[in-house]
Amino acid sequence: MPELPEVETVRRGLLPVMEGRTILQAQVNRPDLRWPLPERMAERLTGQRVLALRRRSKYLLADLSGGETLLVHLGMSGRMLVSGAMLGAFHHDHPAPQKHDHVVLDMEGGARVTFNDARRFGAMDLMPSDSAESHPLLAVLGPEPLGNGFDESYLVAALKGRRTPIKAALLDQHLVAGLGNIYVCETLFRAGLSPRRLAGDLGPAQVAALVPIIREVLAEAIEAGGSSLRDYRQADGELGYFQHSFRVYDREGQACTTPGCGGTIQRIVQSGRSSFYCPQCQL
């Protein structure tokens, strides 16, 4: 499942061809993805100008001139691919339609944005822009980890007394939006905290120290273009490469990268998800 850096990378890739431009024609090739698509979706999108292209947690949000907002969730294998005129510098022919091209947007300026999703675990919806934050998928989300609402005092208060492992607490989207398995593993490694530690047992200084580390890990991943696991692609179809910088994730049995540690990365399963950590330097 693409995490915050992957979705932010896609958003930035789509900005030049979507934000401020009109959807000249929308084509919807099936009635549903993970859930049914909105009624008359193609008609409601065609002719709309994209006023802003935002991200909330792992969702893309396109605010439209007609007062509606398009919500996009990539799911496990969804891809937003761009073809045609890109950045005003090059022109490429559109590729032949593919079997899993479910929604196609022909944009002002010549670009085509295609939502391709082989497994159909992605989702799209249309909602009034003035009440978008009350959408059932968005209303339950905690603050953005890169936003002003997520700071040391907030996290200390949110984790106080929680009897769940710190790994599970940071994955709770009600507590903080957008963090996923990969980047929580990397954060806890840099913080020197075992994923088994109970959140409520951490001292205020230990919790407060997580905030800048979370931001650092996410910023590095966004800068690197997101992490590519299995089906993820950037908007231009290229793979990201932050996975080459993983220090614990998916490195079971390999040596710890901390100088002088001498430990070996282990994998445990917590709530059905793999946690990778060094038992030697994560305590």
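Before I start, one definition: two strands count as paired if DSSP finds at least two bridges between them. What I am showing is a predicted model.

First, the overall picture. The protein chain contains six helices and 10 strands. Its C-alpha trace spans about 55 × 35 × 30 Å along the principal axes. A compact globule of 283 residues would have a radius of gyration near 19 Å, and the protein chain, with 20 Å, agrees with that.

Let me begin with the hairpin, where the definition applies. Strand E9, residues 266-270, and strand E10, residues 273-277, are joined by five bridges in the antiparallel sense. Which residue is the bridge partner of arginine 267 in E10? That partner is phenylalanine 276. Between the two strands of this hairpin there are two residues, and serine 271 takes a positive phi near 50 degrees.

Next, the sheets. One open sheet has four strands in the order E1-E6-E7-E5, and its pairing is antiparallel. At its edges are strand E1, 23-28, and strand E5, 79-84, each of which pairs on one side only. On average, neighbouring strands here are turned by 15 degrees against each other, direction ignored. Looking at one pair in this sheet, E5 and strand E7, residues 111-116, run antiparallel over six bridges. Within that pair, methionine 80 has phenylalanine 115 in E7 as its bridge partner.

Another open sheet of four strands follows the order E2-E3-E4-E8, also with antiparallel pairing. Strand E2, 50-56, and strand E8, 123-128, are the edge strands; each has a single partner strand, so one side of each has no neighbour in the sheet. The average turn between neighbouring strands in this sheet is 20 degrees, direction ignored. E2 pairs with strand E3, residues 59-64, in the antiparallel sense over six bridges. Valine 50 is found opposite leucine 64 in E3. What packs on this sheet, touching E2 and E3? Helix H1 does, and its direction makes about 170 degrees with that of E2.

That brings me to the helices. Two packed helices are described by the angle between their axes and the distance between the axes. H1, residues 4-18, meets H6 as well: their axes come within 9 Å and cross at roughly 40 degrees. That angle makes H1 oblique to H6. The crossing is right-handed. On the H1 side the contact involves Leu4, Pro5, Glu8, Thr9 and Arg12, and on the H6 side Leu218, Ala221 and Ile222. By class, that contact has five nonpolar, one polar and two charged residues.

H6, residues 204-223, also packs against helix H5, residues 181-191, at an angle of about 130 degrees, with the axes 9 Å apart. H5 is therefore oblique to H6. H5 passes H6 in a right-handed crossing. From H5, the residues in contact are Tyr183, Glu186, Thr187, Leu188, Arg190 and Ala191. They meet Leu210, Ile213, Ile214, Glu216, Val217, Leu218, Glu220 and Ala221 in H6. How many nonpolar, polar and charged residues does the contact of H5 with H6 have? The count is nine nonpolar, one polar and four charged.

To recap the links: H1 touches E2 and E3 of a sheet, and H1 also crosses H6, while H6 packs with H5.

Terms used: Residues are numbered from 1 along each chain as its sequence is written. This is a predicted model: local features need pLDDT of at least 70, side-chain atom pairs count only at pLDDT 80 or more; totals for chains, interfaces and linings use all residues. Side-chain values use heavy atoms; hydrogens and water are left out. Axes are lines fitted to C-alpha atoms, for helices over the stretch in contact, and angles run from 0 to 180 degrees between N-to-C directions. Angles under 35 degrees count as roughly parallel, over 145 as roughly antiparallel, 65 to 115 as roughly perpendicular and the rest as oblique. A crossing is left-handed if the near helix is turned anticlockwise from the far one by less than a right angle, and right-handed if clockwise. Contact means heavy atoms within 4.5 Å. Ala, Val, Leu, Ile, Met, Phe, Trp, Tyr, Cys and Pro count as nonpolar, Asp, Glu, Lys and Arg as charged, and the others, Gly among them, as polar. The radius of gyration is taken over C-alpha atoms; the globule rule is 2.2 Å times the number of residues to the power 0.38.
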